[in-house]
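Student: Before we talk about any labels, could you show me the model, so that I can ask how each label is earned?

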Amino acid sequence: MSTIQSTPLENLHVRLGARMVPFAGWNMPVQYTSIMDEHAAVRGAAGIFDISHMGQFLVSGPGALEWLNKMLANNVAKLGHGQGQYSFLLNEAGGVIDDLIVYRTGDSDFFLVVNASMIDEDFAWMAKHQPEDVELRNESALWAGMAVQGPESAAAFAKACPGQTLPPRNGIVRFPVEGGDAVVCRTGYTGEDGFEFFCPAEKGEAWFERFIESGAKACGLGARDTLRLEMCYPLNGSDLSPERTPIEAGLGFFVDLEKGDFIGRDTLANQKAEGLEQKLVALEYTDKGAPPRSHYPLEDAAGNVISELSSGVLSPSLGKGIAMAYVPSALSKLGTELFVDVRGRKFPAKVVKKPFYKPATAKA
Amino acid sequence: MNVPQNLRYNTSHEWVLLEGDVATIGISDHAQEELTDVVFVELPPVGKTVDVGDPTAVVESVKAASDIYAPISGEVVEVNNEVEANPALVNTDPYGKGWIFKLKVKNAAQVEALLDAAGYEALIG
(Lines give C-alpha, C1' and ligand atoms only; values in the text may rest on other atoms or scores of the structure.)
Protein backbone atom coordinates (compact mmCIF):
# COMPACT_ATOMS: atom_id res chain seq x y z
CA MET A 1 0.00 0.00 0.00
CA SER A 2 1.51 3.32 -1.01
CA THR A 3 -0.34 5.71 1.27
CA ILE A 4 -0.78 5.42 5.00
CA GLN A 5 -4.27 6.25 6.16
CA SER A 6 -5.23 8.15 9.28
CA THR A 7 -8.08 7.36 11.62
CA PRO A 8 -10.27 10.20 12.95
CA LEU A 9 -8.41 9.77 16.25
CA GLU A 10 -4.85 10.19 14.98
CA ASN A 11 -4.31 13.72 16.26
CA LEU A 12 -5.66 12.73 19.65
CA HIS A 13 -3.24 9.78 19.88
CA VAL A 14 -0.33 12.10 19.18
CA ARG A 15 -1.60 14.56 21.81
CA LEU A 16 -1.84 11.69 24.29
CA GLY A 17 1.81 10.82 23.63
CA ALA A 18 1.28 7.60 21.71
CA ARG A 19 4.04 5.98 19.72
CA MET A 20 2.60 5.67 16.22
CA VAL A 21 3.43 2.87 13.78
CA PRO A 22 2.11 1.83 10.39
CA PHE A 23 -0.26 -1.14 10.73
CA ALA A 24 -2.35 -2.69 7.97
CA GLY A 25 -2.01 0.52 5.96
CA TRP A 26 -2.99 2.76 8.87
CA ASN A 27 -1.00 5.02 11.17
CA MET A 28 -1.89 3.54 14.55
CA PRO A 29 -0.79 3.86 18.19
CA VAL A 30 1.31 0.87 19.26
CA GLN A 31 1.49 2.08 22.86
CA TYR A 32 1.05 5.16 25.04
CA THR A 33 2.94 4.20 28.20
CA SER A 34 4.04 0.58 27.81
CA ILE A 35 2.52 -2.65 26.56
CA MET A 36 2.80 -4.24 30.02
CA ASP A 37 1.03 -1.27 31.61
CA GLU A 38 -1.78 -1.21 29.10
CA HIS A 39 -2.19 -4.98 29.14
CA ALA A 40 -2.53 -4.90 32.93
CA ALA A 41 -5.09 -2.08 32.72
CA VAL A 42 -7.35 -4.20 30.51
CA ARG A 43 -6.98 -7.32 32.67
CA GLY A 44 -7.46 -5.39 35.90
CA ALA A 45 -9.65 -2.37 35.16
CA ALA A 46 -10.47 -0.95 31.71
CA GLY A 47 -8.63 0.07 28.56
CA ILE A 48 -9.72 1.76 25.35
CA PHE A 49 -8.43 1.00 21.85
CA ASP A 50 -8.92 2.91 18.61
CA ILE A 51 -10.55 0.49 16.18
CA SER A 52 -11.57 3.13 13.63
CA HIS A 53 -9.36 1.41 11.08
CA MET A 54 -11.70 -1.58 11.05
CA GLY A 55 -14.39 -1.69 8.39
CA GLN A 56 -18.17 -1.46 8.68
CA PHE A 57 -20.44 -2.87 5.98
CA LEU A 58 -24.21 -2.62 5.87
CA VAL A 59 -26.11 -5.40 4.16
CA SER A 60 -29.85 -5.11 3.62
CA GLY A 61 -32.66 -6.11 1.30
CA PRO A 62 -35.08 -9.02 0.98
CA GLY A 63 -32.35 -11.47 -0.03
CA ALA A 64 -29.81 -10.36 2.59
CA LEU A 65 -30.09 -13.29 4.99
CA GLU A 66 -30.04 -15.97 2.33
CA TRP A 67 -27.12 -14.33 0.54
CA LEU A 68 -25.03 -13.81 3.70
CA ASN A 69 -25.53 -17.47 4.51
CA LYS A 70 -23.95 -18.33 1.15
CA MET A 71 -21.06 -15.90 1.71
CA LEU A 72 -20.27 -16.73 5.35
CA ALA A 73 -19.30 -19.97 7.11
CA ASN A 74 -21.39 -19.56 10.27
CA ASN A 75 -25.20 -19.73 10.28
CA VAL A 76 -26.61 -16.21 10.06
CA ALA A 77 -30.17 -17.57 10.40
CA LYS A 78 -29.43 -18.34 14.05
CA LEU A 79 -29.21 -14.63 14.83
CA GLY A 80 -32.13 -12.89 16.46
CA HIS A 81 -32.53 -9.13 16.16
CA GLY A 82 -29.74 -7.37 18.01
CA GLN A 83 -27.47 -10.42 18.06
CA GLY A 84 -24.02 -10.93 16.54
CA GLN A 85 -21.77 -13.85 15.70
CA TYR A 86 -18.17 -14.50 14.71
CA SER A 87 -17.87 -15.78 11.17
CA PHE A 88 -15.63 -16.21 8.13
CA LEU A 89 -15.58 -15.03 4.57
CA LEU A 90 -14.00 -17.95 2.68
CA ASN A 91 -12.58 -18.39 -0.78
CA GLU A 92 -13.70 -21.25 -3.05
CA ALA A 93 -11.01 -23.50 -1.54
CA GLY A 94 -12.27 -22.88 2.00
CA GLY A 95 -9.36 -20.59 2.89
CA VAL A 96 -10.01 -17.58 5.09
CA ILE A 97 -10.32 -14.26 3.26
CA ASP A 98 -11.33 -12.56 6.49
CA ASP A 99 -12.76 -13.24 9.91
CA LEU A 100 -15.48 -10.83 10.90
CA ILE A 101 -18.47 -10.26 13.13
CA VAL A 102 -21.94 -10.06 11.65
CA TYR A 103 -24.77 -8.47 13.66
CA ARG A 104 -28.45 -8.67 12.79
CA THR A 105 -30.12 -5.31 13.25
CA GLY A 106 -33.48 -6.11 11.62
CA ASP A 107 -35.30 -8.78 9.60
CA SER A 108 -33.15 -8.06 6.57
CA ASP A 109 -30.54 -5.68 7.97
CA PHE A 110 -27.02 -6.64 8.98
CA PHE A 111 -23.97 -4.76 10.29
CA LEU A 112 -20.57 -6.34 9.57
CA VAL A 113 -17.29 -5.43 11.25
CA VAL A 114 -14.30 -6.52 9.15
CA ASN A 115 -10.52 -6.29 9.46
CA ALA A 116 -8.78 -3.03 8.53
CA SER A 117 -6.44 -4.50 5.93
CA MET A 118 -9.29 -6.44 4.28
CA ILE A 119 -11.91 -3.71 3.73
CA ASP A 120 -11.31 -3.35 0.00
CA GLU A 121 -10.78 -7.04 -0.65
CA ASP A 122 -13.81 -8.13 1.37
CA PHE A 123 -15.99 -5.55 -0.34
CA ALA A 124 -14.82 -6.53 -3.82
CA TRP A 125 -15.38 -10.23 -3.06
CA MET A 126 -18.85 -9.61 -1.69
CA ALA A 127 -19.79 -7.18 -4.45
CA LYS A 128 -18.75 -9.77 -7.01
CA HIS A 129 -21.30 -12.23 -5.60
CA GLN A 130 -23.98 -9.66 -4.80
CA PRO A 131 -27.51 -10.44 -6.07
CA GLU A 132 -29.98 -7.79 -7.19
CA ASP A 133 -32.18 -7.98 -4.12
CA VAL A 134 -29.37 -7.18 -1.71
CA GLU A 135 -27.83 -3.82 -0.94
CA LEU A 136 -24.21 -3.72 0.22
CA ARG A 137 -22.72 -0.49 1.57
CA ASN A 138 -19.20 0.23 2.78
CA GLU A 139 -19.60 2.73 5.62
CA SER A 140 -16.04 2.34 6.94
CA ALA A 141 -15.11 5.98 6.40
CA LEU A 142 -18.19 7.30 8.20
CA TRP A 143 -17.52 5.73 11.58
CA ALA A 144 -14.97 6.24 14.32
CA GLY A 145 -14.66 3.12 16.43
CA MET A 146 -13.27 2.35 19.85
CA ALA A 147 -13.17 -0.82 21.93
CA VAL A 148 -13.48 -0.47 25.69
CA GLN A 149 -12.37 -3.67 27.39
CA GLY A 150 -11.82 -4.85 30.94
CA PRO A 151 -13.72 -5.72 34.12
CA GLU A 152 -14.61 -2.06 34.67
CA SER A 153 -15.75 -1.40 31.10
CA ALA A 154 -19.46 -1.59 31.95
CA ALA A 155 -18.93 1.01 34.69
CA ALA A 156 -17.13 3.24 32.18
CA PHE A 157 -20.08 2.88 29.80
CA ALA A 158 -22.58 3.78 32.51
CA LYS A 159 -20.60 6.91 33.30
CA ALA A 160 -20.07 7.98 29.69
CA CYS A 161 -23.55 7.09 28.43
CA PRO A 162 -26.00 7.81 31.26
CA GLY A 163 -29.49 6.47 30.56
CA GLN A 164 -28.25 3.97 27.96
CA THR A 165 -28.02 0.22 28.44
CA LEU A 166 -25.26 -2.01 27.17
CA PRO A 167 -26.46 -4.84 24.94
CA PRO A 168 -26.06 -8.39 26.27
CA ARG A 169 -22.95 -10.39 25.33
CA ASN A 170 -22.63 -10.55 21.50
CA GLY A 171 -25.44 -8.04 21.14
CA ILE A 172 -25.76 -4.75 19.31
CA VAL A 173 -27.76 -1.59 20.07
CA ARG A 174 -28.10 1.71 18.25
CA PHE A 175 -29.04 5.03 19.83
CA PRO A 176 -28.88 8.66 18.78
CA VAL A 177 -25.93 10.79 19.85
CA GLU A 178 -24.80 14.25 18.82
CA GLY A 179 -24.10 14.26 15.11
CA GLY A 180 -25.84 10.99 14.31
CA ASP A 181 -26.12 7.53 15.86
CA ALA A 182 -23.90 5.44 18.07
CA VAL A 183 -23.70 1.70 17.49
CA VAL A 184 -22.61 -0.32 20.52
CA CYS A 185 -21.62 -3.98 20.21
CA ARG A 186 -20.66 -6.16 23.13
CA THR A 187 -17.98 -8.49 21.84
CA GLY A 188 -14.27 -7.93 22.16
CA TYR A 189 -10.82 -9.19 21.36
CA THR A 190 -9.29 -9.44 24.82
CA GLY A 191 -11.35 -12.07 26.68
CA GLU A 192 -12.56 -9.48 29.16
CA ASP A 193 -16.02 -8.01 29.36
CA GLY A 194 -16.23 -5.04 27.05
CA PHE A 195 -17.87 -3.30 24.15
CA GLU A 196 -17.21 -1.62 20.83
CA PHE A 197 -18.52 1.89 20.35
CA PHE A 198 -18.99 3.32 16.86
CA CYS A 199 -19.98 6.94 16.31
CA PRO A 200 -19.84 9.56 13.55
CA ALA A 201 -16.18 9.97 12.58
CA GLU A 202 -16.03 13.66 13.52
CA LYS A 203 -17.26 12.90 17.04
CA GLY A 204 -14.67 10.19 17.64
CA GLU A 205 -12.12 12.27 19.53
CA ALA A 206 -14.70 13.61 21.97
CA TRP A 207 -16.05 10.13 22.72
CA PHE A 208 -12.59 8.58 23.12
CA GLU A 209 -11.71 11.30 25.65
CA ARG A 210 -15.04 10.81 27.40
CA PHE A 211 -14.34 7.11 27.93
CA ILE A 212 -10.87 7.97 29.25
CA GLU A 213 -12.50 10.37 31.72
CA SER A 214 -14.87 7.55 32.65
CA GLY A 215 -11.99 5.30 33.69
CA ALA A 216 -10.59 3.64 30.55
CA LYS A 217 -6.84 3.83 29.94
CA ALA A 218 -5.72 4.52 26.36
CA CYS A 219 -4.17 1.34 24.95
CA GLY A 220 -2.33 0.61 21.72
CA LEU A 221 -2.01 -2.24 19.28
CA GLY A 222 0.83 -3.78 21.29
CA ALA A 223 -1.42 -4.63 24.22
CA ARG A 224 -4.21 -5.61 21.85
CA ASP A 225 -1.90 -8.27 20.43
CA THR A 226 -0.72 -9.67 23.78
CA LEU A 227 -4.29 -9.73 25.11
CA ARG A 228 -5.77 -11.47 22.09
CA LEU A 229 -2.99 -14.05 21.91
CA GLU A 230 -3.46 -14.98 25.58
CA MET A 231 -7.03 -15.85 24.54
CA CYS A 232 -5.87 -17.68 21.36
CA TYR A 233 -7.96 -15.29 19.27
CA PRO A 234 -6.52 -15.52 15.77
CA LEU A 235 -5.01 -12.58 13.88
CA ASN A 236 -5.91 -12.50 10.21
CA GLY A 237 -2.78 -12.51 8.07
CA SER A 238 -0.84 -14.36 10.78
CA ASP A 239 -2.93 -17.18 12.25
CA LEU A 240 -5.52 -17.09 9.46
CA SER A 241 -4.80 -16.93 5.75
CA PRO A 242 -6.30 -17.82 2.37
CA GLU A 243 -4.27 -21.06 2.53
CA ARG A 244 -5.81 -22.20 5.82
CA THR A 245 -9.39 -23.14 6.64
CA PRO A 246 -11.23 -22.35 9.89
CA ILE A 247 -11.27 -26.11 10.60
CA GLU A 248 -7.45 -26.23 10.49
CA ALA A 249 -7.40 -23.14 12.70
CA GLY A 250 -9.47 -25.00 15.30
CA LEU A 251 -12.43 -22.68 14.77
CA GLY A 252 -14.92 -25.29 13.54
CA PHE A 253 -17.33 -24.11 16.23
CA PHE A 254 -17.95 -21.03 14.07
CA VAL A 255 -18.65 -23.06 10.93
CA ASP A 256 -22.07 -24.61 10.21
CA LEU A 257 -21.82 -27.43 7.67
CA GLU A 258 -25.49 -28.32 8.16
CA LYS A 259 -27.00 -25.01 7.07
CA GLY A 260 -26.76 -25.66 3.33
CA ASP A 261 -24.25 -24.63 0.72
CA PHE A 262 -21.80 -21.76 1.20
CA ILE A 263 -18.59 -20.71 -0.51
CA GLY A 264 -15.76 -23.01 0.56
CA ARG A 265 -18.01 -25.61 2.15
CA ASP A 266 -16.72 -28.60 0.15
CA THR A 267 -13.16 -28.34 1.45
CA LEU A 268 -14.37 -27.93 5.01
CA ALA A 269 -16.71 -30.92 4.76
CA ASN A 270 -13.88 -33.05 3.34
CA GLN A 271 -11.54 -32.02 6.12
CA LYS A 272 -14.19 -32.86 8.67
CA ALA A 273 -14.76 -36.29 7.10
CA GLU A 274 -11.16 -37.22 6.35
CA GLY A 275 -9.27 -35.53 9.14
CA LEU A 276 -6.67 -32.80 9.00
CA GLU A 277 -3.05 -32.91 7.92
CA GLN A 278 -2.21 -29.87 10.02
CA LYS A 279 -3.78 -28.02 12.91
CA LEU A 280 -3.24 -24.70 14.66
CA VAL A 281 -2.03 -25.45 18.17
CA ALA A 282 -1.27 -23.40 21.26
CA LEU A 283 2.31 -23.67 22.52
CA GLU A 284 3.62 -22.61 25.90
CA TYR A 285 7.27 -22.46 26.95
CA THR A 286 8.05 -25.01 29.64
CA ASP A 287 10.72 -22.71 31.08
CA LYS A 288 11.86 -19.11 30.75
CA GLY A 289 13.22 -18.09 27.38
CA ALA A 290 13.54 -15.46 24.70
CA PRO A 291 10.12 -14.19 23.55
CA PRO A 292 8.71 -16.31 20.74
CA ARG A 293 7.65 -14.30 17.68
CA SER A 294 5.86 -15.02 14.43
CA HIS A 295 7.93 -16.81 11.76
CA TYR A 296 10.41 -18.28 14.25
CA PRO A 297 11.12 -21.91 13.24
CA LEU A 298 9.52 -24.72 15.22
CA GLU A 299 11.29 -28.06 15.61
CA ASP A 300 10.31 -31.52 16.76
CA ALA A 301 12.21 -33.42 19.43
CA ALA A 302 14.57 -34.83 16.77
CA GLY A 303 15.53 -31.32 15.61
CA ASN A 304 13.57 -31.36 12.35
CA VAL A 305 12.01 -28.04 11.41
CA ILE A 306 8.30 -28.84 11.21
CA SER A 307 6.73 -25.41 11.00
CA GLU A 308 7.04 -21.78 11.99
CA LEU A 309 5.15 -19.80 14.58
CA SER A 310 2.12 -17.93 13.26
CA SER A 311 2.04 -15.71 16.38
CA GLY A 312 4.14 -15.48 19.48
CA VAL A 313 4.78 -13.22 22.43
CA LEU A 314 5.93 -13.20 26.00
CA SER A 315 2.62 -13.32 27.85
CA PRO A 316 2.38 -10.42 30.30
CA SER A 317 -0.20 -12.31 32.37
CA LEU A 318 1.66 -15.62 32.53
CA GLY A 319 5.23 -14.34 32.38
CA LYS A 320 6.27 -16.92 29.81
CA GLY A 321 6.44 -17.44 26.08
CA ILE A 322 3.20 -18.35 24.30
CA ALA A 323 2.70 -19.00 20.62
CA MET A 324 0.48 -20.52 17.99
CA ALA A 325 1.62 -22.61 15.02
CA TYR A 326 0.23 -24.97 12.40
CA VAL A 327 1.77 -28.38 13.05
CA PRO A 328 1.28 -31.86 11.56
CA SER A 329 -1.74 -33.47 13.27
CA ALA A 330 0.48 -36.20 14.74
CA LEU A 331 2.29 -33.49 16.72
CA SER A 332 -0.84 -31.63 17.79
CA LYS A 333 -1.71 -33.68 20.88
CA LEU A 334 -1.74 -31.88 24.22
CA GLY A 335 1.59 -32.26 25.97
CA THR A 336 3.65 -32.81 22.80
CA GLU A 337 7.08 -31.26 23.32
CA LEU A 338 8.39 -29.02 20.54
CA PHE A 339 11.23 -26.52 20.33
CA VAL A 340 11.16 -22.87 19.31
CA ASP A 341 14.33 -21.74 17.55
CA VAL A 342 15.26 -18.19 18.57
CA ARG A 343 18.42 -17.07 16.78
CA GLY A 344 19.81 -20.59 16.98
CA ARG A 345 18.89 -21.26 20.61
CA LYS A 346 16.17 -23.86 21.21
CA PHE A 347 13.55 -23.23 23.85
CA PRO A 348 11.31 -26.18 24.82
CA ALA A 349 7.56 -25.66 24.56
CA LYS A 350 4.59 -27.96 24.82
CA VAL A 351 1.21 -28.11 23.16
CA VAL A 352 -1.39 -26.84 25.65
CA LYS A 353 -5.14 -26.39 25.80
CA LYS A 354 -6.58 -23.13 24.44
CA PRO A 355 -6.83 -20.46 25.68
CA PHE A 356 -3.60 -19.70 27.53
CA TYR A 357 -5.35 -17.40 29.95
CA LYS A 358 -8.77 -17.45 31.59
CA PRO A 359 -10.04 -14.00 32.48
CA ALA A 360 -11.15 -13.71 36.09
CA THR A 361 -14.12 -11.54 35.20
CA ALA A 362 -17.27 -13.36 34.20
CA LYS A 363 -18.81 -12.17 30.98
CA ALA A 364 -22.26 -10.68 31.15
CA MET B 1 16.67 12.19 30.28
CA ASN B 2 19.63 10.93 32.29
CA VAL B 3 22.95 11.20 30.39
CA PRO B 4 25.83 10.76 32.87
CA GLN B 5 28.84 12.97 32.14
CA ASN B 6 31.45 10.30 32.90
CA LEU B 7 30.34 7.90 30.15
CA ARG B 8 30.88 7.63 26.41
CA TYR B 9 28.07 6.82 24.02
CA ASN B 10 27.58 5.01 20.76
CA THR B 11 25.20 6.40 18.13
CA SER B 12 23.27 3.12 18.48
CA HIS B 13 22.60 4.03 22.16
CA GLU B 14 25.10 1.87 24.04
CA TRP B 15 27.09 3.52 26.84
CA VAL B 16 30.70 2.71 27.74
CA LEU B 17 32.52 3.12 31.05
CA LEU B 18 36.27 2.59 30.75
CA GLU B 19 38.12 1.52 33.92
CA GLY B 20 41.72 0.50 33.25
CA ASP B 21 41.58 -1.75 30.23
CA VAL B 22 38.05 -3.03 30.93
CA ALA B 23 34.95 -1.34 29.46
CA THR B 24 31.50 -1.87 30.93
CA ILE B 25 28.69 -1.60 28.39
CA GLY B 26 24.96 -1.10 28.70
CA ILE B 27 22.16 0.79 26.98
CA SER B 28 21.27 4.40 27.67
CA ASP B 29 18.32 5.71 29.62
CA HIS B 30 16.96 7.03 26.34
CA ALA B 31 17.26 3.57 24.74
CA GLN B 32 15.53 1.76 27.60
CA GLU B 33 12.74 4.31 27.49
CA GLU B 34 12.33 3.79 23.75
CA LEU B 35 12.29 0.01 24.17
CA THR B 36 9.97 0.17 27.20
CA ASP B 37 9.54 -2.97 29.32
CA VAL B 38 12.59 -5.16 28.76
CA VAL B 39 11.53 -8.78 29.17
CA PHE B 40 14.59 -10.68 27.97
CA VAL B 41 18.34 -10.12 27.63
CA GLU B 42 20.52 -12.47 25.62
CA LEU B 43 24.13 -12.27 26.81
CA PRO B 44 27.24 -13.09 24.77
CA PRO B 45 29.48 -15.99 25.83
CA VAL B 46 32.47 -14.98 27.97
CA GLY B 47 35.64 -15.28 25.90
CA LYS B 48 34.01 -14.17 22.66
CA THR B 49 36.00 -11.65 20.65
CA VAL B 50 34.04 -8.83 19.04
CA ASP B 51 34.81 -5.99 16.67
CA VAL B 52 33.28 -2.53 16.60
CA GLY B 53 29.72 -2.78 15.31
CA ASP B 54 29.28 -6.52 15.93
CA PRO B 55 25.85 -7.49 17.28
CA THR B 56 26.91 -8.77 20.70
CA ALA B 57 23.82 -9.01 22.90
CA VAL B 58 20.07 -8.83 22.36
CA VAL B 59 17.61 -6.84 24.45
CA GLU B 60 13.96 -7.68 23.92
CA SER B 61 10.77 -5.86 24.85
CA VAL B 62 7.35 -7.50 24.53
CA LYS B 63 7.09 -6.25 20.98
CA ALA B 64 10.61 -6.34 19.50
CA ALA B 65 14.14 -7.71 19.70
CA SER B 66 16.98 -5.17 19.47
CA ASP B 67 20.61 -5.98 18.84
CA ILE B 68 23.17 -4.42 21.16
CA TYR B 69 26.32 -3.63 19.17
CA ALA B 70 29.87 -3.65 20.42
CA PRO B 71 30.83 0.06 20.58
CA ILE B 72 34.51 -0.94 20.65
CA SER B 73 36.57 -4.05 19.86
CA GLY B 74 37.62 -6.47 22.56
CA GLU B 75 37.06 -9.74 24.36
CA VAL B 76 34.00 -10.41 26.50
CA VAL B 77 35.40 -10.89 30.00
CA GLU B 78 32.22 -10.71 32.07
CA VAL B 79 28.45 -10.68 31.55
CA ASN B 80 25.71 -9.49 33.88
CA ASN B 81 23.82 -12.66 34.79
CA GLU B 82 21.55 -10.57 37.00
CA VAL B 83 19.85 -8.96 33.98
CA GLU B 84 19.20 -12.40 32.55
CA ALA B 85 17.24 -13.27 35.68
CA ASN B 86 15.70 -9.80 36.05
CA PRO B 87 15.59 -8.02 32.66
CA ALA B 88 13.67 -5.08 34.17
CA LEU B 89 16.98 -3.88 35.68
CA VAL B 90 17.76 -2.52 32.23
CA ASN B 91 14.74 -0.23 32.63
CA THR B 92 15.10 0.65 36.27
CA ASP B 93 18.88 1.12 36.49
CA PRO B 94 20.33 1.31 32.97
CA TYR B 95 23.69 2.77 34.08
CA GLY B 96 24.05 0.64 37.21
CA LYS B 97 22.63 -2.80 37.87
CA GLY B 98 21.36 -2.92 34.30
CA TRP B 99 24.83 -3.10 32.67
CA ILE B 100 25.08 -5.88 30.09
CA PHE B 101 28.66 -7.01 29.37
CA LYS B 102 32.31 -6.07 29.91
CA LEU B 103 35.02 -6.03 27.27
CA LYS B 104 38.77 -6.19 27.68
CA VAL B 105 39.71 -3.26 25.47
CA LYS B 106 42.21 -3.64 22.68
CA ASN B 107 42.48 -0.01 21.69
CA ALA B 108 41.49 2.76 24.11
CA ALA B 109 41.45 5.26 21.25
CA GLN B 110 38.19 3.62 20.14
CA VAL B 111 36.60 4.77 23.39
CA GLU B 112 37.83 8.32 22.77
CA ALA B 113 36.20 8.24 19.36
CA LEU B 114 32.75 7.67 20.87
CA LEU B 115 30.34 10.53 21.67
CA ASP B 116 30.72 12.34 24.95
CA ALA B 117 27.65 13.20 27.04
CA ALA B 118 27.10 16.52 25.23
CA GLY B 119 27.39 14.86 21.84
CA TYR B 120 24.94 12.14 22.84
CA GLU B 121 22.48 14.65 24.26
CA ALA B 122 22.60 16.48 20.94
CA LEU B 123 21.97 13.20 19.11
CA ILE B 124 18.86 12.26 21.06
CA GLY B 125 17.62 15.84 20.96
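Tutor: This is a predicted model, and a good place to begin is H13(B), which is found in the loop between β1 (8-9) and β2 (14-19) of chain B.

Student: What makes H13(B) partly exposed rather than buried or exposed?

Tutor: The relative accessible area of H13(B) is 23%; buried would require under 20% and exposed over 50%, so H13(B), at 23%, falls in between and is called partly exposed. H13(B) also has a positive phi of about 80°, although it is not a glycine.

Student: Which residue of chain A has a positive phi although it is not a glycine?

Tutor: One such residue is C232(A), with a phi of about 60°, and its place is in the loop between α7 (221-230) and α8 (265-274) of chain A.

Student: Why is C232(A) called buried?

Tutor: Its relative accessible area is 9%, and the label applies under 20%, so C232(A) counts as buried. Not counting residues up to four places away in sequence, C232(A) touches A282(A), M324(A), K354(A), P355(A) and F356(A). The C-alpha atoms of C232(A) and V352(A) are 11 Å apart in space, while the two residues are 120 apart in sequence.

Student: What is the peptide bond from K354(A) to P355(A), cis or trans?

Tutor: That bond is cis, with omega near -10°, and P355(A) is found in the segment after β20 (345-352) of chain A.

Student: How do you know that G204(A) is buried?

Tutor: Its relative accessibility is 0%, and buried means under 20%, so the label follows for G204(A). G204(A) lies in helix α6, residues 204-213 of chain A, and, leaving out residues up to four places away in sequence, G204(A) touches L9(A), A144(A), M146(A) and C199(A). The C-alpha atoms of G204(A) and T7(A) are separated by 9.4 Å, although the two residues are 197 apart along the chain.

Student: Which residues have the most contacts inside the largest nonpolar core?

Tutor: They are F49(A), F88(A), F111(A), F198(A) and L240(A), in a core of 45 residues. For L240(A), with neighbours within four places in sequence left aside, the contacts include Y86(A), F88(A), V96(A), A249(A), L251(A) and Y326(A). A second, separate core has 26 residues, among them L43(B), I72(B), V79(B) and I100(B). In soluble globular proteins, nonpolar side chains tend to be buried together.

Student: How many helices and strands does chain A have, and why is chain A called as compact as a globular protein of its length?

Tutor: Chain A has 8 helices and 20 strands. Its radius of gyration is 20 Å, and the globule rule gives 21 Å for 364 residues; the two values are close, so chain A is as compact as a globular protein of that length. Along its principal axes, the C-alpha trace of chain A spans about 65 × 50 × 45 Å.

Student: How much of chain A is buried, and what share of its contacts with a separation of 6 or more comes from residues 24 or more positions apart?

Tutor: Buried residues make up 57% of the 364 residues in chain A, and residues 24 or more positions apart account for 66% of those contacts. Chain A exposes about 14700 Å², of which carbon and sulfur atoms supply 52%.

Student: How many positive and negative side chains does chain A have?

Tutor: Chain A has 34 positive and 45 negative side chains, and the centres of the two sets lie 7 Å apart.

Notes:
Residues numbered from 1 in each chain as written. Chains lettered and ligands numbered in written order. Predicted model: local features only at pLDDT ≥ 70, side-chain atom pairs only at ≥ 80, totals over all residues. Heavy atoms only, no water. Core = buried A, V, L, I, M, F, W, Y, C linked by side-chain atoms within 4.5 Å. Buried < 20%, exposed > 50% of the residue type's maximum accessible area, 1.4 Å probe, protein only. Contact = heavy atoms within 4.5 Å. Helix = DSSP H or I, 4+ residues; strand = E, 2+ residues; numbered from the N terminus. Rg over C-alpha atoms; globule rule 2.2 N^0.38 Å. Areas by Shrake-Rupley, 256 points an atom, 1.4 Å probe, with all protein chains shown as cover. Lys, Arg positive; Asp, Glu negative; His and termini not counted. Charge placed at Lys NZ, Arg CZ, Asp CG, Glu CD.
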